[in-house]
Amino acid sequence: MTGDPIRRPLDDVWYCVGESRRFRPGRLSAVTLGEEAIVVGRAETGALFALRDRCPHRGMALSAGRLVEGNLVCPFHGWQFRPDGQCAAIPALARRDDADFTTVRLPRFAVAEVSDLVWIAAGPNPQAAPPIPEVDFPYCGMLVEILEVEASFDLVALSFVDPAHVAYVHDSWWWRPSKTLKEKVKHFAPSPFGFTMTSHTAKTASVVYRLLGAVPQVEIEFRLPGVRLERITAGRKRIANYTFASPLGQGRTALINAMYWNVPALNLLKPIARPLMRQFLGQDRDVLQIAQKGLDRKPAMVLMGESDVQSQWYFSLKREFLRAREAGSAFVNPLASRELRWRS
Ligand code: FES
Ligand SMILES: [Fe+2]
């Protein structure tokens, strides 16, 4: 890991750690976020908690333990912790032993559940963080795929705002039937903690868009730390295709794709859609892993022309976020509305 904060994933912001249904009532799960190992528990009441997955006694992974009457029990010597991290009991203490276990406390992480995904804040102060994305319509189906990529957080996040890779990396018949590059004109406006490609009519009808039966409007928002929100509207039909990057530490990043829809017929396509989504994400993973090796040898990138302006914006937003955090002041979006042209 480099010492330059612009190269590191942001602290104190929310990251997606998986689907809600993965976290079952009465069970514990191990989650990695950046360099932090976290135990996530869900009480029988449904409430989630997230604590450092390291028993202060001898370092045991608490995720290997159990939830007993709402408390986390370490599997090594049975120390008990409340969901707020406070040590609640040390069973080995004799009655006359006055060792004060109330001084023992596990670091706690903020955890939230939004649109059937679980988010954890990597840091103690997520109040000023970019908001967790929500789905703004009642959905009747969703599909989530998560891939692990051996590439930096930045490289994965940049792939969300990189129009020039699509023709080369995602050249599947069902997504991009035509191989010829066409000139595109897109309008962008700043949005909270990012920018939005304002709604346009999708002319190059990919098979996915044509399934909606009408000419869809598409809006794509990017937001820190690594969140891409594609909103597709065709009359009353809605699809939200959300993509997130979450840091896994040691140069690895989770690439998460969550798709939601309000069209019941699309539920039937889920068995077909899942392998296609995996293939699509796998195309990104494969190319990102190889590019990362080149960046490991020499980290500099040459960003050129308007097809790379969104990549420049990513770093501008991140730099401003770090500046605001450092100065203790509010984030001020450094971007202005602008038209971009490229061939893709
Ligand atoms: S290591 Fe957890 S109780 Fe001893
Ligand atoms: Fe991609």
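Q: When do four donors around a metal count as tetrahedral, and what else could they be?
A: Four donors count as tetrahedral if all angles lie between 85 and 135 degrees, and as square planar if opposite donors are over 155 degrees apart and all others between 65 and 115; anything else is irregular. Keep in mind that we are looking at a predicted model.

Q: Then which atoms coordinate the iron ion (ligand 2) here?
A: His165 and His170 each give NE2, and Asp284 gives two OD atoms, at 2.1 to 2.5 Å.

Q: Why is the arrangement around the iron ion (ligand 2) irregular?
A: The angles subtended by the four donor atoms run from 55 to 151°, so the arrangement counts as irregular. For reference, the ideal angle for four tetrahedral donors is 109.5 degrees.

Q: What spacing do the donors follow along the chain?
A: The pattern is H-x4-H-x113-D. His170 sits in the loop between helix 2 (166-169) and strand 13 (183-191), while Asp284 belongs to helix 4 (residues 270-297), so this pair ties together parts 114 residues apart in sequence.

Q: Are His170 and Asp284 buried or exposed?
A: His170 is buried, at 2% relative accessible area, and Asp284 is buried too, at 7%.

Q: Moving on to domains, how far apart are the centres of domain 1 and domain 2?
A: The assignment gives domain 1 (5-127) and domain 2 (139-343), and their C-alpha centres are 31 Å apart. Their contact takes 24 residues from domain 1 and 26 from domain 2.

Q: How much area do the two domains bury between them?
A: About 2,100 Å², with 65% of it on carbon and sulfur atoms. On the domain 1 side, Ile6, Arg7 and Leu10 lose the most area, together 30% of what that side buries.

Q: How many salt bridges are counted between domain 1 and domain 2?
A: The count is one.

Key:
Residues numbered from 1 in each chain as written. Chains lettered and ligands numbered in written order. Predicted model: local features only at pLDDT ≥ 70, side-chain atom pairs only at ≥ 80, totals over all residues. Heavy atoms only, no water. Donors = N, O, S within 2.8 Å, 3.2 Å for Na, K, Ca; no water. Tetrahedral: all angles 85-135°; square planar, octahedral: opposite > 155°, others 65-115°. Helix = DSSP H or I, 4+ residues; strand = E, 2+ residues; numbered from the N terminus. Buried < 20%, exposed > 50% of the residue type's maximum accessible area, 1.4 Å probe, protein only. Domains from an automatic or database assignment. Contact = heavy atoms within 4.5 Å. Buried area = accessible area lost by both parts, 1.4 Å probe. Salt bridge = Lys/Arg side-chain N within 4 Å of Asp/Glu carboxyl O.
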